[in-house]
Amino acid sequence: MHFVLLSDTAALLLLVWAAIVLAKQTRRPFLNDPVKLPMVVFLFFSIFYYTLLFSKWILSSEIVDRLKNTAEVLIPIWWGFIFYGIMQKLSNLELVNNKRRYQLVVNNISEVIVKLDNRYRICFATPSFCWTFGKTESELIGARFSSIIQVGQGHPGLETALLEHVKQTPFSAYHETLVNTQHGLRWFAWHATRLRKTTKMINDVLLVGRDITEKKAAEESLKESDARHRQFIENQPVGMFRTSVEGDGQFVMVNSALVKLLNYPSTESLLATPVVNIYPYLEARKQLLSKLFNKEKISGLEIEGKKHDGSPLFMRMALQLVRDSHGNACHIDGTIEDITARKQAALALKKSEALYRRAQQIAGLGHWEIIYGMDHGTWSEEMYRIFGLDKEHFNGPLESFLDHVHPDDRKTVAETVANTFENYSELNLIHRIVLPNGKTKHIHVIAHFELDENLHPIRCIGTCQDVTQLKEAEIDKEKTERKFLQAQKLEAIGTLAGGIAHDFNNILTSIIGFTQLAINELPHDSPIKRKLDVVLQSGIRARDLVTNILSFSRKTEQEFKPIQVRIIIKEVIKLLRASIPANIEIRQDLASQCPRVLADPVQIHQIVMNLCTNAYQAIGKKGGIITISLKEVAVGSNDLQPDLDITPGTYVLLEVSDTGHGMDAATLEKIFDPYFTTKKRGEGTGLGLSVVHGIVKKHRGYITTHSEPDHGSAFHVFLPGMAPEGVSDEITAVAPIVGGTEHIVVVDDEEPIAIYLTELLSGLGYRITTFTGSNEALHFFISHSHDFDVLITDMNMPAMCGDELAERVLSLNPNIPIIICTGFSDNLDEKDAEKIGIKAYLRKPITERELATCIRDVLNHHTAGI
């Protein structure tokens, strides 16, 4: 009994073991395996049978009967082993067939496949891999993958780009690279997959490569084709676009011509703009889409649109609805051409045609016709208007036409017309006509004869244009040209004034300087000294005259300061008395208590001089009286004209009157106009009173005029008076001239000026070193840069100007005070001199007091460290 029990138990365990072995031999479900499915079914029923049999052993007590049936037990077991052997044989046959199929696939697959261990050594390679890289399988097995695969220049190695990545992640990786094969450089797409052996072992890597060279070439070709297509679109002069269909529409593609046409700042800004924004109203696009869906294609459509800034735009559009393979509308392609200019031209043409009927009237152009052999012609309505005639009372006879020609032009016109009719030649003539109201017009007549085939005259057709405004414009142009020429002359005078100012001021420096030296050497009561005082004052007035000339030519800056106008008037009277004829009397009435005015003394001098000169010229050779008066007046708001921007208050009134021929009202209206003059040609510029008016206005004053023919003229100049606070008329004591013992270097290319400065400064106690050449002075400074205290130099000198000399001296000794003197210079002013480091800027001619004071100021500031 025990033997049978053990036998059944062994049979059951054997069947279970067979099931387990069968399960390990395949990874597929049993139901999908036609070989193992019957075996599994047999084993299942055998296990079920022996399980029941084993249960009976447990429950049965008839062990003897069971022993008799031992053969029953052993027979199924032996059949099970036989069946298992058959199934195992069938399974081995399937494995062999699968291996053959696998080998066939591997040998014929186009992809290159290689298996690598954890050190990237090749464990397996397909024949296609060997063929591609020109290696045998024996050469590949065990070789490192990187030694076989050589990537193209500039491409990362596969171990870096792919294998390390797939080693760190549980998924496969993909990479495209250029590799060296036995057929040259080829593009390969690599798929790397990590293979798991066991949980404890490092994974192998299966690498599959596919040759994508042709694909890459196709992609590059496609890119080039796309680039050419895009370039073609970009080069089109018309706007091209692609938009979506749905909603308000979105631009998908636009070219630069469309961006420029719609006036958008960039392509990106247009792509971000809904398509509906280029239409004048929202429904416009919907209507257009409805039409496009019906026709699929629209061309030559002219509609109104709008630009980015909202300005109108006339567009000529061509649209194509593009559908996909299922017939659904996917996008819209189209072009836009700007036809705004053409539309505007068309509108302008319509407008021109509408206004053509009035064109002749607006242009003052009429036409006429005379039938050959008849004594009268036909006039258009514009002809009657031009001539100021009534159509009912004038039918246009040639003789009547000549009666309206200006008497001064009638002979020339008659001769020209007669010649035209005799020779059938063209007529082109500009002449004057006299209207019935006595006014004069200029007309331009053009005419020609029409001849038949035998060259016989048929009629004369012509036009007549009113060119009065054109002729007046030409006259005004001639006047303007004359004024321009006069202005050029004045500019030339200004240029000349600047050119001679330097030399003239140098001459005055010698005259004034040596005169002062001579006066200093004479006794106080010497009669020669009084004569030299006159010379000195004349030199100073000559200096002021140069200042006036430079001021007039705008070569000097204006300097506003409190002045007594009375003193300037007296100076002008002295100059006038010596220059005007003795039969013209100058009377003066100058109040001594007039307030001061804040003004440029040079320009006040110019006002008085111009008004007095104008009075002298108005009197002429017959003689008369010029009266100059000065007094204080109070101007209230009721005394001012409404158009004057003047503040009520205290004013100084300067009046210049004469007993000349006077002026009428028409002349008074233009008296202050630039270039207006009543003098003969060559006797005046017409700028004197205009300049006076400008200067007075600049000083916040005003000027009035009163004149009558044959009763003289009077000019009243009102200048704002200064408040008396802080202004004293007391005469301050003249401080004595102070000298010194310092060492001064004088540089001036004018030898008389150098001598004058040397004697003047030596007389004041200074030690003087003089040079007449800037190069000589510079050589001295190089070796004696710390042996002098002050440098006085002229500005305009040959070889080296004073500003350059000053810069070089300061580079040798930055602490040397420098004074620069100039008769006139366009290249250097006080601000420029200060930037260089020059301490003082003096204009020639220089008086003794001016120079002495300037030297002391410079030295005192230098000593104080300022």
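Q: Which residue in E28 stands opposite cysteine 821?
A: This is a predicted model, where local features need pLDDT of at least 70, side-chain atom pairs count only at pLDDT 80 or more, and totals for chains, interfaces and linings use all residues. Residues are numbered from 1 along each chain as its sequence is written, and side-chain values use heavy atoms, without hydrogens and water. Strands (E, at least two residues) and helices (H or I, at least four) are DSSP runs numbered from the N terminus. Opposite cysteine 821, in E28, stands leucine 842.

Q: How many bridges join E27 to strand E28?
A: Strands pair if DSSP finds at least two bridges between them. E28 covers residues 840–843 and runs parallel to E27. The number of bridges is four.

Q: Which residue in E27 does threonine 793 stand opposite?
A: Strand E26 (residues 790–794) pairs with E27 in the parallel sense, over four bridges. Threonine 793 faces isoleucine 820.

Q: Which residues of E27 point the other way from Ile818, Ile820 and Thr822?
A: In a regular strand, side chains alternate between the two faces of the sheet. E27 spans residues 818–822, and five of its five residues are buried (under 20% relative accessible area, 1.4 Å probe, protein chains only; exposed is over 50%, partly exposed in between). Pointing the other way are Ile819 and Cys821.

Q: How far apart are the end C-alpha atoms of helix H16?
A: H16 has 17 residues, 407–423. The expected span is 1.5 Å times one less than the number of residues, so H16 should span 24 Å. The model agrees, with the end C-alpha atoms apart by 25 Å.
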